[in-house]
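Good morning, and thank you for making time for this item. I would like to take the group through the open and enclosed spaces of one model, and then through the helix packing around them.

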Amino acid sequence: MTARLPLLFEFCSAAVTTRPPSSAHSPRPDGNLTTMLTVTVRVLIFLLVVALAIFSFLSWRAWNELQDALENAPPLLPTDDVVYSFLTTNYTGQFSGAEWKKSNAIVVQNEKFITFYPHSGFHNQLIQVENAIMLAWYTNRTLLLPRALLGKPFPWSPMSQLRLEHLIHEKTPDGSNAAACDALRDERGDQMCPNPAEYTLMPYDELFSFDWVREHVRIQLREEMSEEWLEKAVGIKRAGVEGKGGSYVDGDIRYFNGTTRYDWRIFDTFVGGSSNGKYEARLDVMQLRTFSERLLHFSSLFGTGKMPVRDPVHFEFLRRLRRSLLYNHPVVLKSAQEVVQRMGGAGKFVGLHVRTSDGYFARVQQQNIGTILENLHTVNATAGLPSIPPVLPSNPTVSQCLQAASEAGNNLTLVYMATDAQYPRANRIFASLYNAYPCTFTLGDFLADEGINWKELRAARNPYDGVSLERYFIPMIDATAAANGRVVIGSKGSTFSGFVYQMHDVFCRPRNG
């Protein structure tokens, strides 16, 4: 349109200024009138051009806003019939649901795989596992799933360093990592070996329920992180290509070696104009399906925004995946149930999840607790509960609080607070919370309760390295108990709080398949 505007202007100008030859009998037109008409027409044309330019600009901006809205808006959910039909179809073409549960020793001819290097805190690892399961499902590949790292984590780093971190964290059955560290002395240089007492490794499916996942995705434990294990266990070989940034092929493996934490953003469908956001580059599922290499090896699958989901069926699969990945270790579940029963039962209290002890949350703990307290006031006001609690003894026990709640017609708020803070009742930062809600309890209050049998928790050990699991199970028990509240209030920006919300959603709503 804009390219033709000069022609339009010239045509209109010619039409106005061109007149038939004058005749001697024709009266001479007034010169001033002609000039005024010409000027008026030119002004009108100029205004028309300006209006068209403004219209074009606004249309362009509206189109971009529409694209952004389509990018960020939640997709329309499909009908139950569509979802059921899709999810019960043998999508992988390899196994029926029952066969997924067979031994990891099953090897399919020409089977293709996908794997990655987990890193960072435990629930950041879980997000990466979730992304890996989605990719395995999208691409019809078996997921080679490394063990979970419980305890002191290591952060994101380039692929070569992530590989090294995993190798030096591997232990022998006696719980030592000395053999792995000694073998990699030249590669690690001045890097110290991790203290084996500060961490342990466990398969994710011993911590979370994977029953639903295995109905749709084949998963094999990546027992060791070396290339030698890949060749021995699944016949995948390298050709000795020197590692480099980006995507490259080395024998049977296509590596995706990201140079930043936010390397590739992976789209499930092609949407023209989709934003990469903070990610450096983009991939889409159709592209990943075309790769013929037996193993797709990602350096990292970190980030909640790494894999935006647009297709409604994919979105429903993700929703069901998240609802299925719940803590499933019997010691965790039994211990959490003991706490919930002491709090009066599921739905009889408000659950809090308060992060205070590490990094960002240590810096904003006062603000975090203030925000949680405001939200707790709002919850009480919405429920019509009094803002002033009944008279209670100093530091009441849970039994005293339950008795007072019963006498007050349940017009008393009991709070279970899952937190990483040590001795919060003695910490002045929590004083405002305890003053407003004296019936606030933590797991520490119950661990000291001689009426609860904690024998199984204290005896739990990891068969992999013989390490006691008690301190690693404590946060899981804490979170599970909090998720059983009638309402849950978490710490803004915490992936762990996000998981507590997820559990609460499952506990409070009936499952849909």
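Let me begin with a term. A pocket here is an open set of grid points with protein on both sides within 12 Å along at least five of seven lines, and a volume is the space filled by probe spheres set on the points. Please keep in mind throughout that this is a predicted model.

On that definition, the second largest pocket has a volume of about 430 Å³. Its lining comprises 18 residues, and those closest to the centre are Glu 130, Arg 322, Gly 498, Phe 499 and Gln 502. Which elements give two or more residues to this lining? They are helix H5, residues 122-139, helix H12, residues 312-324, and helix H21. By class, the lining of this pocket holds six nonpolar, seven polar and five charged residues.

Two of the helices just named, H5 and H21, also pack against each other, at an angle of about 65° and with their axes 8 Å apart. Their crossing is left-handed. On the H5 side the contact involves His 123, Asn 124, Leu 126 and Ile 127, and on the H21 side Thr 495, Phe 496 and Phe 499. These contact residues divide into four nonpolar, three polar and no charged. Phe 499 therefore deserves a second look in the viewer: it belongs to the H21 side of this contact, and it is listed among the residues closest to the centre of the second largest pocket, where lining residues are so called because they have an atom within 4 Å of a point.

H21, residues 495-508, has a further partner in helix H20, residues 470-483. The angle between these two is about 45°, and their axes lie 8 Å apart. That angle makes H20 oblique to H21. The crossing is right-handed. From H20, the contact draws on Pro 475, Ala 479, Thr 480 and Ala 483, and from H21 on Phe 496, Val 500, Met 503, His 504 and Phe 507. Seven of these residues are nonpolar, two are polar and none is charged. Phe 496 appears here and also in the contact of H21 with H5.

H20 in turn packs on helix H13, at an angle of about 50° and with the axes 8 Å apart. H13 is accordingly oblique to H20. This crossing, too, is right-handed. H13 contributes Val 331, Val 332, Ser 335, Ala 336, Val 339 and Val 340, while H20 contributes Phe 473, Met 476, Ile 477, Thr 480 and Ala 481. The contact of H13 with H20 has nine nonpolar, two polar and no charged residues. Thr 480 is found in this contact and in that of H20 with H21.

I turn now to the enclosed spaces. How many cavities of 30 Å³ or more does the model contain? The count comes to eight.

H13 leads us to the second largest cavity, which holds about 90 Å³ of space. The lining consists of Val 331, Lys 334, Ser 335, Glu 338, Asn 453, Trp 454, Lys 455, Glu 456 and Leu 457. H13, residues 330-342, and helix H19, residues 455-459, each supply at least two of these, and H13 gives the most, with four. By class there are three nonpolar, two polar and four charged residues. Val 331 and Ser 335 line this cavity and also take part in the contact of H13 with H20.

The largest cavity, finally, contains about 120 Å³ of space. It is lined by 13 residues, with Arg 147, His 166, Glu 170, Leu 201 and Met 225 nearest its centre. Helix H6, residues 159-169, gives the most to that lining, with three residues. Six of the lining residues are nonpolar, two polar and five charged.

Conventions. Residues numbered from 1 in each chain as written. Predicted model: local features only at pLDDT ≥ 70, side-chain atom pairs only at ≥ 80, totals over all residues. Heavy atoms only, no water. 1 Å grid on protein atoms, 1.4 Å probe; cavity = no way out; pocket = protein on both sides within 12 Å on 5 of 7 lines; lining within 4 Å. Nonpolar A, V, L, I, M, F, W, Y, C, P; charged D, E, K, R; others polar. Axes fitted to C-alpha atoms, helices over the stretch in contact; angles between N-to-C directions. Parallel < 35°, antiparallel > 145°, perpendicular 65-115°, else oblique. Left-handed = near helix turned anticlockwise from the far one by under 90°. Contact = heavy atoms within 4.5 Å.
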